[in-house]
Amino acid sequence: MALFDVKVPQLSESIAEATLLQWKKKPGDMVAVDEILIEIETDKVVLEVPAPSAGVLAEIIQADGSTVASEQVIARIDSEGKAAAAAPAAAPAAVAAAAPVAAAPAAQGSSMAGVAMPAAAKLMADNQLAAGSVAGTGKDGRVTKGDVLSAVAAPAAKPAPAPVAAKPLPAVAAAPVALGDRPEQRVAMTRLRARVAERLLQSQSTNAILTTFNEVNMAPVMDMRKKFQAQFEKEHGCKLGFMSFFVKAAVHALKKFPILNASVDGNDIIYHGYFDIGIAVGSPRGLVVPILRNADQMSFADIEKKIAEFGQKAKEGKLSIEEMTGGTFSISNGGTFGSMLSTPIINPPQSAILGVHATKDRAVVENGQIVVRPINYLAMSYDHRIIDGREAVLGLVAMKEALEDPSRLLFGI
């Protein structure tokens, strides 16, 4: 027997542990080399664990929901187990006949049957599920986090508590409690969501956050975009969106006011000589902020392609730790969801963030006349410990001027 260890990938220095989600294979299943066996959730990204060898999954050492560390062995693959795995398939009747016999010793001989894993036990307690009320599918019949989540999601399928089965109660007393139109469901935070919550609280408790606002007439950008959209897409193979204009305008302002691109380290202010712009992206697992490295050196096409790539990776949960580490300034686009105005929270250790919102036709006054213009309200939150109101306001005005006259971006004025 040639066994290969399946290990947790090397985690970054800032990540001490991770959580196993759900095994895609069970012991005895055939696996192909590089086939994804399980996903591991850290507080930043979700990592995929591929099979290091083809063969049979001989053993799962760490069950669903387990907390694991970098390079920890979580399963083993028998690379010479093909024949053993193929034999039962040739004789399904024999497997069916042997199943009850094999199940009995497992139930009797294993003291772990019905025992809940730590994560599963906590989830059962949170949902007030009695011990033994959830069937286990883990090793030796142990109850995994996935088993509990399935039981919570389908309450009708949960077995009755042991006392009721042993001593039947009157029909009225045994009836389930009617929830009516006020159902509740308790679900544990994912590791990523818990980390986001922690960082947002940290930001509000350690930064002196203040927000300044301004309105931008988006007509010049919209006209330019309409004029060059078809040619841009033909030349670069991607659409010309609005976010590339906001990124360019932000970099333009950060160059004028370097303090907006700085960060605090103890009693020191670190001025960054590069412009790594974080783009806040919503994902099924929570908010993520991938980074546009050296955004000042990127073209409009480079920015649009990278943002599209980030969006797809976030949707699939495939953003890497490196893609979300660092950043000197962030942009959050609530306008995608129709937001009119917001006060964005700074992403530590950065000192400022730009909030972009929905562009709507609004009545404004120009030269004493009321006219209709496509207006976008910009909001910039900043750390007042190092950024004074003057720099913050003038920085946002510089962004406004760049968007209302995009030719400024060409000449750096």
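Two residues are taken to be in contact when heavy atoms of one lie within 4.5 Å of the other. On this basis, in the predicted model described here, residues 24 or more positions apart account for 64% of the contacts in the protein that have a separation of 6 or more. The secondary structure consists of 12 helices and 19 strands. Of the 413 residues in the protein, 38% are buried. The exposed surface comes to about 22500 Å², of which carbon and sulfur atoms supply 57%.

Two open sheets were examined. In one of them, 4 strands follow the order 1-8-6-3 with antiparallel pairing. The edges of this sheet are taken by strand 1 (3-7) and strand 3 (30-31); each has a single partner strand, so one side of each is left without a neighbour in the sheet. Strand 1 is paired with strand 8 through 5 bridges in the antiparallel sense, and in this pairing Leu-3 stands opposite Asp-78 of strand 8. Strand 8 (residues 73-78) is also joined to strand 6 (residues 55-60), again antiparallel, by 4 bridges. There, Val-56 is the residue that stands opposite Asp-78. Asp-78 thus appears opposite Leu-3 and opposite Val-56.

The loop between strand 5 (46-50) and strand 6 contains Ser-53. With a relative accessibility of 9%, Ser-53 counts as buried, because the cut-off for a buried residue is under 20% relative accessible area. Beyond its neighbours within four places in sequence, Ser-53 is in contact with Phe-4, Val-31, Ala-32, Val-33, Ile-77 and Ser-79. Among these contacts, Phe-4 falls within strand 1 (3-7) and Val-31 within strand 3 (30-31), while Ile-77 falls within strand 8 (residues 73-78).

The other open sheet also has 4 strands, in the order 5-4-2-7, and its pairing is antiparallel. Strand 5 and strand 7 (67-68) are the edge strands, each pairing on one side only. Strand 7 is held to strand 2 (residues 18-20) by 2 bridges in the antiparallel sense, with Thr-67 of strand 7 as the bridge partner of Thr-19.

Val-8 lies in the loop between strand 1 and strand 2. Its relative accessible area is 1%, and Val-8 is therefore buried. Val-8 and Val-68 are separated by 60 residues in sequence, yet their C-alpha atoms are 7.5 Å apart in space. Apart from residues up to four places away in sequence, Val-8 touches Ile-40, Val-68, Ala-69, Ser-70, Glu-71, Gln-72 and Ile-74. Of these, Val-68 belongs to strand 7 (67-68), and Ile-74 belongs to strand 8 (residues 73-78).

Helix 10 (residues 300-316) has 17 residues, and at 1.5 Å a residue it should span 24 Å; the C-alpha atoms at its ends are 25 Å apart, which agrees. The buried residues in helix 10 are Ala-301, Ile-303, Glu-304, Ile-307, Phe-310 and Ala-314. Their cover includes helix 8 (219-236) and helix 9 (243-256), together with strand 13 (281-283), strand 14 (286-288) and strand 15 (291-292). Just after helix 10, Gly-317 adopts a positive phi of about 70°.

Empty space within the model was also examined. Rolling a probe the size of a water molecule over the atoms shows where such space is left. The search gave 1 cavity of 30 Å³ or more. The largest cavity has a volume of about 100 Å³, and 14 residues line it, the closest to its centre being Leu-192, Ser-283, Val-288, Ala-314 and Gly-317. Among these lining residues, Ala-314 is one of the buried residues of helix 10, and Gly-317 is the residue with positive phi just after that helix.

The second largest pocket holds about 830 Å³ of space. It is lined by 38 residues, and those closest to its centre are Arg-199, Leu-287, Val-289, Asn-347 and Pro-348. At least two lining residues come from each of helix 7 (191-206), strand 14, strand 16 (329-333) and strand 17 (352-356). Helix 7 supplies the largest share of this lining, with 5 residues. Strand 14 also helps to cover the buried residues of helix 10.

Note on methods
Residues numbered from 1 in each chain as written. Predicted model: local features only at pLDDT ≥ 70, side-chain atom pairs only at ≥ 80, totals over all residues. Heavy atoms only, no water. Expected span 1.5 Å × (residues − 1). Buried < 20%, exposed > 50% of the residue type's maximum accessible area, 1.4 Å probe, protein only. Areas by Shrake-Rupley, 256 points an atom, 1.4 Å probe, with all protein chains shown as cover. Pairing = 2+ DSSP bridges. 1 Å grid on protein atoms, 1.4 Å probe; cavity = no way out; pocket = protein on both sides within 12 Å on 5 of 7 lines; lining within 4 Å. Points joined across faces, edges and corners; volume = space filled by probe spheres on them.
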